Amino acid sequence: MNLTYGFATLVPLPVVLPLFAAGLALALWRHPRAQHIISVAALSLVLAASIGLLVGADNGPIVVDVGEWAAPVGIDLVADRLSALMLTVSSFVLLCVLLYSLGQGVADGHDKAPVSIYHPTYLVLAAGVSNAFLSGDLFNLYVGFEILLAASYVLLTLGGTGERIRAGSIYVVVALLSSVIFLVAIALTYAATGTVNLAQLAERLPDVDPGVRMTLQLLLLLAFGIKAAIFPLSAWLPDSYPTAPAPVTAVFAGLLTKVGVYAIIRTQTLLFPDNRLDTVLMWLALLTMVIGILGAVAQNDIKRLLSFTLVSHIGYMIFGISMASEAGMAASIFYVVHHITVQTTLFLVVGLIERRGGSTSLDKLGGLAKIAPGLAILFFIPAMNLAGIPPLSGFLGKVGLLQEGVAQGTPLTWALVVGSVVTSLLTLYAIVKAWNKAFWQTAPVELPSTGTPRGMVGPTTALVAFGLALTFAAGPLYSYAERAAGNLMQPSTYVDAVFPDDSGRGQGVSSDLVEEEQGGEGS
Amino acid sequence: MSSTSNLLALVLPAAEVDPADVARTTDSIDMTPSLILVLAIGVLFATGVYLLLERSLTRVLIGFILIGNGANLMFLVAGGRAGGAPLIGTTPTDQMSDPLVQAMVLTAIVITLGLTAFVLAMAYRSWQLHGHDEVQDDLEDRRVARPAARNAPAFEDSDTEESGATLDDEASQVYDETDGDGDGETDVRDAGRAEKDVPPPGRPGTEGGEGR
């Protein structure tokens with residue numbers, strides 16, 4: 001038995017801890033206090049483990065064979081730089097949102113709402129997100145997606161009001177469809193290659209007929225494209241997200257689409273490095289950016305406005321991926337990190353606005369800058385960050401993308417550069433419209449004089465501060481993203497980590513057997 | 001039935017890849033798919049897609065189940081020809097069937113089962129609230145579309161025609177192709193609640209133990 005406690009010990013924790021805590025929280029459903037403690041403790045530990053992985057993965061991908069079954073027979077979890085970075089940001093965001101919802105009085109305003117179900121479901125969601133980030137196996141990735149989606153269905157329809165059931169129907173049906181497409185893609189991949197292990201796929205896919213490979217790539221892109229809300233597969237998002245409770249919307253907006261983006265990055269770079277669909281992706285990125293933001297401009301409800309900007313800014317990430325270069329990928333990764341933070345923050349702030357002003361409709365709000373200046377600051381900083389005003393992190397991510405676009409210099413990348421700038425300006429327009437109407441104009445109706453609980457303001461402030469910290473720590477973070485992109489553009493790094501030459505792995509021989517054969521001289 | 005032919009086009013080349021080109025764990029797997037399985041997959045997908053396009057959640061759910069089963073069959077095809085139980089000692093190695101696809105199909109079936117239960121619960125809740133399980137139009141979409149239609153009368157848009165007395169009536173209208181008498185019975189009271197924005201989540205002063 002290998003009992004050295006290295007970084008590898010940390011790898012399963014982000015999946016196991018929340019799942020275990022979810023079971024515990026469900027068993028303790030009569031004791032809200034205990035549930036709170038369990039959830040916060042579990043997610044704090046996950047955050048600590050993720051930071052550990054972030055440090056550890058910088059020396060090369062960390063691979064763990066689950067249950068000591070060696071890849072490709074067993075399932076492996078792989079934490080490389082990209083996974084670790086995504087994991088760290090997502091667990092920080094998950095923790096902040098959890099604290100926010102605790103401060104809010106948990107989950108829902110309705111008396112009959114199943115509050116006791118909120119914590120277990122939220123933890124299951126966290127486990128699903130972590131599993132998707134860590135999975136080194138296509139089918140396990142599917143399972144991760146299903147875990148987080150099943151949890152998200154419950155969270156979205158929490159309380160079961162008419163409006164939430166309506167929104168939930170659309171969301172659930174679209175998500176089910178994308179899951180089936182993903183499943184079909186896995187079946188076909190297995191038929192073509194005889195494996196679902198990502199590293200082994202990377203070795204075998206180049207031998208597969210190019211037409212079949214293209215089909216597989218398209219199917220995977222289709223499945224992930226629905227999850228990441230890339231135009232024209234994005235219509236479900238602005239319809240379903242805004243009806244959920246504020247913390248739920250925040251965590252969905254921040255994380256769920258980014259899991260899709262992560263899956264696209266992973267499969268595009270590792271499985272299909274020949275990049276034959278990049279032109280298609282570029283067009284989709286352009287359309288996603290422009291059409292998404294035009295949708296945002298038309299909205300009159302802050303939650304929906306932000307949902308549309310969410311769709312729009314997915315385009316930036318796809319832009320970076322589609323350029324298929326190290327610099328483009330690095331900018332994309334940085335942008336994902338920035339966007340997870342800023343989008344979650346904004347939705348949390350909107351929750352505060354809803355609490356303070358009684359509505360999220362821009363027609364009913366007004367004068368908030370005067371009666372709640374703290375709230376105004378909390379909204380203004382991430383809003384400007386989203387629009388990409390220098391020197392904030394959104395600006396830095398965009399500059400990275402624009403630089404690489406200009407450096408590549410094809411007509412299409414130039415079109416994307418122009419599109420990015422236009423989208424950025426339109427984002428500013430939409431955000432300023434919301435700012436003016438909600439914060440500057442005189443209130444059309446008397447606003448209720450409720451306060452905002454400190455338990456909600458605290459985590460929001462922490463996230464705003466984290467967004468600012470991304471700006472100040474942009475140098476190290478960006479170079480980390482560049483190193484992660486460097487790994488991604490060299491799929492052999494990943495493959496070699498999963499199948500090191502000097503062991504029985506790669507032939508599906510477990511380390512126990514190797515030890516026996518070598519007379520126990522193995523580690 | 002174009003989806004069927006598309007599927008055939010997908011499955012056949014994928015399965016016809018010469019096993020010799022691709023180093024498989026067991027080299028001797030016969031990858032020629034059974035025509036009956038392929039046809040069954042096609043029929044399941046075609047009917048499933050048809051049902052998915054319906055407006056009633058129950059039918060959508062049946063469509064999802066059919067497609068899910070089609071995908072499961074596809075896994076069976078992906079595993080090669082059928083064989084004996086993959087246990088060492090009971091079957092010679094070269095006659096074993098591929099256990100991995102079966103494991104994956106089992107996982108997929110379990111997931112489908114759970115999600116089916118959830119969608120059924122959702123359809124039931126919808127029936128409790130509205131007396132039907134049809135997916136309604138989005139209020140906010142119409143709210144945004146209305147001023148646009150007002151500003152441009154020349155721009156004919158029959159979808160935003162004001163057919164109901166209020167926005168709620170319009171949005172809650174049911175378009176059931178098979179509903180002969182066309183009575184989209186709707187609990188207007190509930191739609192009215194949706195209009196007034198879902199009350200701000202969270203109760204002040206309850207369970208806000210953390211951070212106060």
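1. Chain B of this predicted model has 7 helices and 0 strands. Along the sequence its elements follow the pattern α-α-α-α-α-α-α. Of its 212 residues, 30% count as buried. Among contacts in chain B with a separation of 6 or more, 57% come from residues 24 or more positions apart.

2. Within chain B, helix α3 (residues 57–78) and helix α4 (residues 99–130) pack with their axes 10 Å apart and at an angle of about 180°. The pair is therefore roughly antiparallel, since angles over 145 degrees count as such. On the α3(B) side, the residues in the contact include B:Leu57, B:Leu61, B:Ile65, B:Gly68, B:Asn72 and B:Phe75. Those they meet in α4(B) include B:Val101, B:Val105, B:Ile109, B:Thr112, B:Thr116, B:Leu120 and B:Ser126. By class, the residues of this contact are 16 nonpolar, 6 polar and no charged.

3. Helix α3(B) can also be taken alone. From its first C-alpha to its last, this helix of 22 residues reaches 31 Å, close to the 32 Å expected at 1.5 Å a residue. Because 17 of the 22 residues are buried, α3(B) is largely enclosed by the rest of the structure. Just after the helix, B:Gly80 takes a positive phi of about 85°.

4. In chain A, helix α12 (residues 302–322) and helix α13 (residues 326–357) have axes that come within 9 Å and cross at roughly 175°. That angle is over 145 degrees, so α12(A) is roughly antiparallel to α13(A). From α12(A) the contact takes in A:Ile302, A:Leu306, A:Leu310, A:His313, A:Met317 and A:Ile321, among others. From α13(A) the participants include A:Met329, A:Ser332, A:Tyr335, A:Val336, A:His339, A:Gln343, A:Phe347 and A:Val350. The contact divides into 14 nonpolar, 6 polar and 1 charged residue.

5. The loop between α12 and α13 of chain A holds A:Ser325. With 16 C-beta neighbours inside 10 Å, A:Ser325 counts as partly exposed. Its C-alpha is separated by 8.4 Å from that of A:Ala485, although the two residues are 160 apart along the chain. A:Ala485 also appears in another contact list: beyond neighbours within four places in sequence, A:Ile333 is in contact with A:Leu82, A:Leu85, A:Ala481, A:Ala484 and A:Ala485.

6. A:Ile333 belongs to the largest nonpolar core, which has 234 residues. The members that touch the most other members are A:Leu148, A:Val184, A:Ala185, A:Ile186, A:Ala187, A:Ile333 and A:Phe334. Helix α6 (residues 162–193) of chain A gives the most to this core, with 20 residues.

7. Helix α16 (residues 393–408) of chain A has 16 residues, which should span 22 Å at 1.5 Å a residue; the end C-alpha atoms are 23 Å apart, which agrees. Its buried residues are A:Ser393, A:Gly394, A:Leu396, A:Gly397, A:Lys398, A:Gly400, A:Leu401, A:Glu404 and A:Gly405. A:Lys398 and A:Glu404 are therefore to be read as buried by neighbour count, with 20 or more other C-beta atoms within 10 Å. What covers the buried residues includes α12, α13, α15 (373–387), α17 (411–440), α18 (454–472) and α19 (474–489) of chain A. Just after α16(A), A:Gly409 takes a positive phi of about 65°.

8. A:Leu156 lies in helix α5 (residues 138–156) of chain A. This residue is buried, with 23 other C-beta atoms within 10 Å. Setting aside residues up to four places away in sequence, A:Leu156 touches A:Arg164, A:Ala167, A:Gly168, A:Tyr171, A:Ser240, A:Ala244 and A:Val248. The C-alpha atoms of A:Leu156 and A:Met456 are separated by 20 Å, with their positions 300 residues apart along the chain.

9. A:Val290 lies in helix α11 (residues 278–298) of chain A. With 19 other C-beta atoms within 10 Å, A:Val290 is partly exposed, because the buried class begins at 20. Not counting residues up to four places away in sequence, A:Val290 touches A:Gly419, A:Val422 and A:Thr423. A:Val290 and A:Ser424 are 134 residues apart in sequence, and their C-alpha atoms are 9.5 Å apart in space.

Note on methods:
Residues numbered from 1 in each chain as written. Chains lettered and ligands numbered in written order. Predicted model: local features only at pLDDT ≥ 70, side-chain atom pairs only at ≥ 80, totals over all residues. Helix = DSSP H or I, 4+ residues; strand = E, 2+ residues; numbered from the N terminus. Buried ≥ 20, exposed ≤ 12 C-beta atoms within 10 Å, placed from the backbone. Contact = placed C-beta atoms within 7 Å. Core = buried A, V, L, I, M, F, W, Y, C linked by C-beta atoms within 7 Å. Axes fitted to C-alpha atoms, helices over the stretch in contact; angles between N-to-C directions. Parallel < 35°, antiparallel > 145°, perpendicular 65-115°, else oblique. Nonpolar A, V, L, I, M, F, W, Y, C, P; charged D, E, K, R; others polar. Expected span 1.5 Å × (residues − 1).
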